[in-house]
Amino acid sequence: MNRPALLRQPRVDYLILVLVGLAMAADFFLPPGIRLFLFAVPLAGAVPTFASAYRGLRRRQINIEAFNSFALVVSFATGEIRSAAFIVLMLTSARLLEFYTESRAHRAIEELLKLKPTKAFLDDPSGPREVPVADVRQGQIVVVRGGERVPVDGIVVYGESYVNEAPVTGESRPVRKVLNDEVFSLTLNESGVIKIRAVRVGKESTVERMVALIEEASRHKSRSERLADRFAAYFLPAIIFISGAVYLLTRSLSSAIAIFLVACADDLAVAIPLAVTATLRQAAQMGVIIKGGRWLDALADIRTFVFDKTGTLTYGTMSVRDVVIEPGIDESKFWLALAVSEKFSGHPVGRAVFREALTHCRTAPDPERYETVPGAGVIAWAGDDQFLVGNGKILEGRPVEGPEAVLNDLRQASEASGKTAFVVVVNGRYAGRLTVADVPRSEAAGSLRRLKKLGVERNLMFTGDNAAVAGRVAKSLGLDDFRAAMSPELKMRELGTLRRRGRVAMVGDGINDAPALAAADVGIAMGGGGTAVAVEAADVVILTDNLDRLP
């Protein structure tokens, strides 16, 4: 991947910084003649500022560079070489800082590509054959084992498994993949062996398209007009007018120049960077990293906040929510059934159930026998007890004592609430049920209300999760609206529509959020648990992963 010209610019600025610094240091030790020669360096170092001012004037804009150029010209013309050197030093440092903040999207791309699988295993009569991912061709059969990332986009032609699609779609729960289901590159195969027929390879794969999205968003993101530019457009003509009036009244050129130098060179050149630096430092002490002064200005105008769900409004981890134990059932037996049945589960939902069961059981013995019912749950035996744990399908074809409506109620609870529901059967008798879901952050609802009090008009949620899950979270947090089942491309498209109505901030934490974070007027990443790609693509990072910091 070719690096843009922007990333080669600091070489010149570093050289200017060193030479001007040496010239300023030499001013205290060398004779006047040599000092005068050395201070030709600041004049050369001022060239980038003069060039930027010229480009602005060609567009009929008076920007901060035009103001600083006037200050430099006046400093050189009146012999205030030290002032000129200091201004050049400050402006060069500011350009370097701007470079590092502007290049974060390209670092985000590098982080994303680090996750890209480099090897793939092609199906072969003699066994899986390892090849570079770049050599995989459309239509070839690729073997993906448990714990491996999917190397290309494809269709499942053999086996079944649970695939973690959070990096691509934002889906909080691993998705069961069976014959003819689609899988995406960069997603993680959590269990089982599957074979896929390659459909999109090379530049057409999901990971490569996400790289392209980040690059596109970085190129087309509008640069907000800086506060200093707006200030300079009015203040510079005013100072020139005042200086001219003083000269006409006093006929003293030194008085007119003194007014200009005091107003321009010292106050404007130093005060704005110091104010911005102090503000950024204070924010950092509160666990919020703002990647440059321009985002302070942009944040003040935000009227719409868009939030990702998993890992942003929620913790991104599954936990037991609702537990219903049938009357007459021993509670310890209910939790023992869950602990034994899910002890060796590799599924995140099963692990969440096992963790909760351990808080109610003193011990969790290994099951003496263990049978997996694909797509339904498990059957486990411990001593004289038989346990059935799973969704409603685990009851099909098996005699169970209990209410006849259990199966229907279970399906309705799972579909309507957006939660994963478990039914528990002990020795053929219905014992109860529980639900597992991703948990909203405890501070999320309060933070959203505070944003509204601060003038934010709409709080929205974009998620790759299904509509049932998204609706439940949106209702519990009091969001104004939500969009479900959204791909990174859809998120960017919707953001573009929203931005036509006003400035928009995007808050997210995952790889799938990175293009939207880069495309929004202000991208805000949850830095504690967020991916490196999201952190690099964002303009603001909340290090504490606490939404209370957002207002």
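Start with the whole protein chain in view, bearing in mind that this is a predicted model: of its 551 residues, 47% count as buried. The accessible surface comes to about 26400 Å², and 56% of that surface belongs to carbon and sulfur atoms. If you colour the chain by secondary structure, you should be looking at 21 helices and 22 strands. Among the contacts in the chain with a separation of 6 or more, 63% are accounted for by residues 24 or more positions apart.

Next, select residues 10–26, which make up helix α1, and find L19 within this helix. With L19 still highlighted, add L15, V18 and L22 to the selection and show the surface, where these residues and L19 form a nonpolar patch with about 370 Å² of accessible area together. L19 itself counts as partly exposed, because its relative accessibility is 38%, a value that falls between the 20% limit for buried and the 50% limit for exposed.

From the helix, move on to strands β5, β6 and β8, which form an open sheet in the order β6-β5-β8 with antiparallel pairing. The edge strands to select are β6, at residues 175–177, and β8, at residues 188–191, each of which pairs on one side only. Turning the view along the sheet, you can follow a twist that averages 45° from one strand to the next.

Finally, zoom in on β5, residues 161–164, which pairs with β8 in the antiparallel sense over 3 bridges. To see how the two strands are aligned, select V163 and look across to β8, where N189 stands opposite.

Technical notes
Residues are numbered from 1 along each chain as its sequence is written. This is a predicted model: local features need pLDDT of at least 70, side-chain atom pairs count only at pLDDT 80 or more; totals for chains, interfaces and linings use all residues. Side-chain values use heavy atoms; hydrogens and water are left out. Two strands pair if DSSP finds at least two bridges between them. Helices (H or I, at least four residues) and strands (E, at least two) are DSSP runs, numbered from the N terminus. Axes are lines fitted to C-alpha atoms, for helices over the stretch in contact, and angles run from 0 to 180 degrees between N-to-C directions. Patches are made of residues with over 30% relative accessible area and no salt bridge: like charges are joined within 9 Å, nonpolar side chains (Val, Leu, Ile, Met, Phe, Trp, Tyr) within 5 Å. Accessible areas come from the Shrake-Rupley method with a 1.4 Å probe; for residues, only the protein chains shown count as cover. A salt bridge is a side-chain nitrogen of Lys or Arg within 4 Å of a carboxyl oxygen of Asp or Glu. Buried means under 20% relative accessible area, exposed over 50%, partly exposed in between (1.4 Å probe, protein chains only). Contact means heavy atoms within 4.5 Å.
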